[in-house]
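Colleague: Hi! Could you walk me through this one? I'm new to it.

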Amino acid sequence: MDNASAYAVAAAAQRRPALELVGGALDLHELVRLATLAASSHNTQPWLFRLRTQAIEVLPDFRRRCPAVDPDDAHLWRSLGCAAENLVHAAAAQGHAASVQLAQQPQGLRVDFEPSAALGATDLSAALVRRQCTRRPFDGRAIAREHRALLAQAGACGTARTLLLDSPALRDTVIDFVRAGDVTQLTDPAFRRELIRWLRFTDAEALETGDGLASTPAGQPSLPRWLARPLLRFLLTGRGQAETDTANIRSSPLLAVVVASADSPGAWVDAGRAYERLALQATALGIRTAFINQPIEVPSLRASLHGALGLHGETAQLLLRLGHGPEAPFSLRRPLEDVLLDQRGPEDPVSQTVSAPTPPA
Ligand SMILES: Cc1cc2nc3c(=O)[nH]c(=O)nc-3n(C[C@H](O)[C@H](O)[C@H](O)COP(=O)(O)O)c2cc1C
């Protein structure tokens with residue numbers, strides 16, 4: 001089998017429909033599979049899972065942190081929030097209610113499950129295996145008013161809520177901030193080094209690691225690393241990315257920002273959960289989501305964004321565009337063995353003998 005076919009086969013296997021159970025049965029391994037399909041910054045999948053009785057711990061894997069783009073680990077915690085939100089909807093399909101809590105010992109999230117005869121598969125649980133982030137332009141079709149209301153409603157969790165950005169003036173301001181963010185980030189050697197470390201230039205590389213930003217979902221050609229690396233000097237530039245992002249934003253009928261009333265691990269988890277639920281709702285409605293987080297990742301731009309949004313006592317957590325377009329090839333995930341911790345392991349998960357991440361050099 002060639003690498004492109006192997007990639008398609010692996011993605012389809014990982015994205016098989018969610019298991020539906022009734023009568024109090026609970027398949028924790030299936031829940032973890034569906035949790036790993038959540039969004040994560042740079043597709044780092046910075047999570048480890050420990051199975052408990054009627055519960056799953058979702059723990060940070062700090063070996064997968066990205067200090068250049070995410071120095072305070074806010075994206076890492078948002079990613080854990082995304083995974084926890086998937087657990088909530090996957091559990092519903094198995095007839096269980098889930099409650100998510102921030103835990104100190106071990107540091108992370110604990111999700112407890114309780115049988116509920118009232119719960120079953122939903123549009124959102126069916127969307128778990130089809131949600132994806134896109135990097136492509138949308139077709140410009142408008143998003144219906146009733147769908148906007150459903151999206152805003154889905155994008156609220158704890159301290160976090162979603163604001164839909166409709167004003168053309170605000171859209172122009174967002175474009176200016178994203179462009180400025182592209183130039184700041186792509187002229188920063190540390191940001192570039194980190195990003196390139198997580199790029200997967202060929203299907204073979206993506207299959208080998210099961211993580212990172214692969215060319216196939218992004219619609220880019222597969223090029224061997226020795227050829228792609230030197231070309232990045234010309235292909236991956238602030239100016240070039242700014243042009244791509246401007247066109248992508250202009251093609252998007254709706255922009256949205258997830259904000260939170262705090263800026264702490266708890267609020268970051270809430271923001272991740274809010275995004276993931278909004279994205280599942282969007283997927284169920286045939287709407288796609290794409291992140292444009294540069295103005296949140298660059299501190300000076302984040303302050304300006306807060307001013308432009310007129311935020312008081314809330315901070316911007318995630319910025320996205322929404323619209324319609326074709327489904328792209330899905331990004332890959334690591335196998336369950338790589339993210340499951342021994343149930344009897346020590347409290348500090350990273351000291352356990354799980355395989356260390358080895359992104360291509
Ligand atoms: C906290 C967080 C931040 C992200 N930031 C960006 C971003 O700025 N730009 C982008 O294109 N994608 C961003 N992503 C999307 C990830 O790259 C994407 O989730 C990952 O590649 C897996 O792909 P999938 O969501 O299609 O399964 C972000 C995701 C999360 C959870």
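Modeller: Happy to! Let's start at the ligand: one of its oxygen atoms sits 3.2 Å from a polar backbone atom of S40. That is a polar contact, a pair of N or O atoms within 3.5 Å.

Colleague: And how far is an oxygen atom of the ligand from the side chain of R131?

Modeller: There, a ligand oxygen is 3.0 Å from a side-chain N or O atom of R131. For C133, a polar backbone atom lies 2.8 Å from an oxygen of the ligand.

Colleague: How much of the ligand's accessible area does the protein cover?

Modeller: Of the 620 Å² that the ligand has on its own, 91% is covered by the protein. Those areas come from the Shrake-Rupley method with a 1.4 Å probe.

Colleague: Is this a predicted model, and how are residues numbered?

Modeller: Predicted, yes: local features need pLDDT of at least 70 and side-chain atom pairs 80 or more, while totals for chains, interfaces and linings use all residues. Numbering runs from 1 along each chain as its sequence is written, and side-chain values use heavy atoms, with hydrogens and water left out.

Colleague: Which residues are closest to the ligand?

Modeller: R131, C133, R135, N293 and R333, out of 21 that surround the ligand (a heavy atom within 4 Å). The largest share of that shell, four residues, comes from α3, a helix being a DSSP run of H or I with at least four residues.

Colleague: What classes of residue make up the shell?

Modeller: Six are nonpolar, nine polar and six charged; charged here covers Asp, Glu, Lys and Arg, nonpolar covers Ala, Val, Leu, Ile, Met, Phe, Trp, Tyr, Cys and Pro, and the others count as polar.

Definitions and conventions:
A polar contact is a pair of N or O atoms within 3.5 Å; within protein, one must be able to donate a hydrogen and the other to accept it, and residues adjacent in sequence count only if both atoms are side-chain atoms. Helices (H or I, at least four residues) and strands (E, at least two) are DSSP runs, numbered from the N terminus.
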